[in-house]
Every structure is written in structure tokens, then in C-alpha cells.
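I opened a new page for a structure I had not looked at before. I wanted the overall layout, then a few places in detail.

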Amino acid sequence: MVIDYRRHRADPAPLYANGDCVERVSTFKFLGTHIAEDLSWSANTSAVVKKTQQQLHFLRVPRNKQFRGDAVGDLLPLHHRECAGILYHGVVLYAGCSAADRRALQRVIKTAQKIIGCPLPSLEDISSSRCLYRARKIIKDPSHPGQFLFNLLTSGRRYRCVKSRTNRLKNSFFPWAIRTLNSSNIHTT
């Protein structure tokens, strides 16, 4: 995989390792996350939606066979065990997703809500809470390489926003985390 943001891209020379040409791929899977050469999250989102749709089968089968009436809410622990881990893995990347990817992920959550019969938190709420959790951990850890990006303004209540000229940078984790921290009421220093 070659990541190149230049306007006029040139094909790179082939790479050889031990005399063999290394194959170029457009996407690859690393630690459960699909990474594309243009660093978009569409490949990862479609893989997550596909895997979660497969796991929703395990919610549909007990609902159709065992549960009737008020007991449908008992499917919530099954949802957390089977689907939530897949769906919420890497949810902090939610800010960098396109609108179509967000709709696809939210559609899976709505389907799970209908099967379970009780409301589930939206993907935006979950991503915001996990973003706040991750940002507060970074702020408390002086050895974290991104900690210098969280600078308090002179008021001591808000963090200095990272200036960004592109939407790619604006929707990346650190600017999104700072905006989320500034919009939340509770700040930690």
C-alpha cells in the first residue's frame, strides 16, 4: 500500500524484498481495522456493517423461537455480547467517516433496536463519550505524544482548537476531541 497525497501522483517504482516483487494492495486489515490507501474509512465501515449484520442473526433466532411479549428486552445482554463489540470497535474514528458511512452504521443500530425491542444509544452518543474518555486519558498522561495538543486557554475552561484548513484534519481525532471537550460541561485539567 502506498499513501500519496500529492496532486500529481506518479506510480512508485516496484518494491523488491529478497528478490521478489512486493504486491501492492489498496486496503489491508490491521488489528481488526481495514485501512485503505486513501485513508478513508469506507472499507472499514462496510466490513463492520457486514459483520454486524451477520451477528444480528443471533438476535433474531432467539426472538423468533423463545421470547414472547415483555421478555424481548432480555436480548440486550445478547446484543452487547454478540454485536456491540464489533459495531463499537474503533468508534472513535466515527468523526472521520463520510455521511453515507454514518447512515449505514446507524441503520444497523436501528435494526438491532427493532429486534431487541428497547432503545439503544446512538452511534454519535457512544462515539462522543468514548472520545471524551480517550481525550481525558491523554490529558492526564504526560508521556503521551499528543498531549501537547490539549492546551487550556487563559480562562482555564476551554482548550485551544487545532487550526485546520482541510476537512480531513478537522475530522481527525485530536481536533474532534478538543471540540468535544469544549462542548462538554465537565473539564479536567
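These are my entries, starting with the whole chain and moving to single residues.

**Overall layout.** I noted that the model is predicted. I counted 6 helices and 4 strands in the protein. Reading along the sequence, I found the order β-β-β-β-α-α-α-α-α-α.

**Burial and surface.** I looked up how much of the chain is covered: of the 189 residues, 30% are buried. The protein exposes about 12600 Å², and carbon and sulfur atoms supply 53% of that area.

**Contacts along the chain.** I took the contacts between residues at least 6 apart in sequence and found that 58% of them join residues at least 24 apart. I then looked up one pair, Leu59 and Ile116. They are 57 residues apart in sequence, and their C-alpha atoms are 7.4 Å apart in space. I placed Leu59 in helix 1, which covers residues 42-65. Leu59 has a relative accessible area of 0%, so I wrote it down as buried, the cut-off being under 20%.

**Helix 6.** How many residues of helix 6 are buried? I found 8 of 11, so the helix, residues 173-183, is mostly covered by the under 20% cut-off. The buried ones are Phe173, Pro175, Trp176, Ala177, Ile178, Thr180, Leu181 and Asn182. I checked what these buried residues pack against, and the partners are helix 4 and helix 5 (167-170).

**Helix 4.** I followed that packing to helix 4, residues 123-140, where Ser127 lies. Ser127 is buried, with a relative accessible area of 0%. What does the side chain of Ser127 reach? I found the backbone oxygen of Glu124, at 2.9 Å.

**A nonpolar patch.** I went to the surface next. Val25, Phe28, Phe30 and Leu31 form a nonpolar patch there, with about 390 Å² of accessible area together. I looked up where Val25 sits, and it is in the loop between strand 2 (20-21) and strand 3 (27-30). Is Val25 buried or partly exposed? Its relative accessible area is 32%, so I entered Val25 as partly exposed.

**Cysteines.** I searched for disulfides and recorded 0. I also looked up two cysteines. Cys21 has 48% relative accessibility and counts as partly exposed. Cys161, at 45%, counts as partly exposed too. Both values fall between the cut-offs of 20% and 50%, which is why I did not enter Cys21 or Cys161 as exposed.

Key
Residues numbered from 1 in each chain as written. Predicted model: local features only at pLDDT ≥ 70, side-chain atom pairs only at ≥ 80, totals over all residues. Heavy atoms only, no water. Patch = residues over 30% accessible without salt bridge, like charges linked within 9 Å, V, L, I, M, F, W, Y side chains within 5 Å. Areas by Shrake-Rupley, 256 points an atom, 1.4 Å probe, with all protein chains shown as cover. Salt bridge = Lys/Arg side-chain N within 4 Å of Asp/Glu carboxyl O. Helix = DSSP H or I, 4+ residues; strand = E, 2+ residues; numbered from the N terminus. Buried < 20%, exposed > 50% of the residue type's maximum accessible area, 1.4 Å probe, protein only. Disulfide = S-S within 2.5 Å. Polar contact = N/O pair within 3.5 Å; in protein donor to acceptor, adjacent residues only side chain to side chain. Contact = heavy atoms within 4.5 Å.
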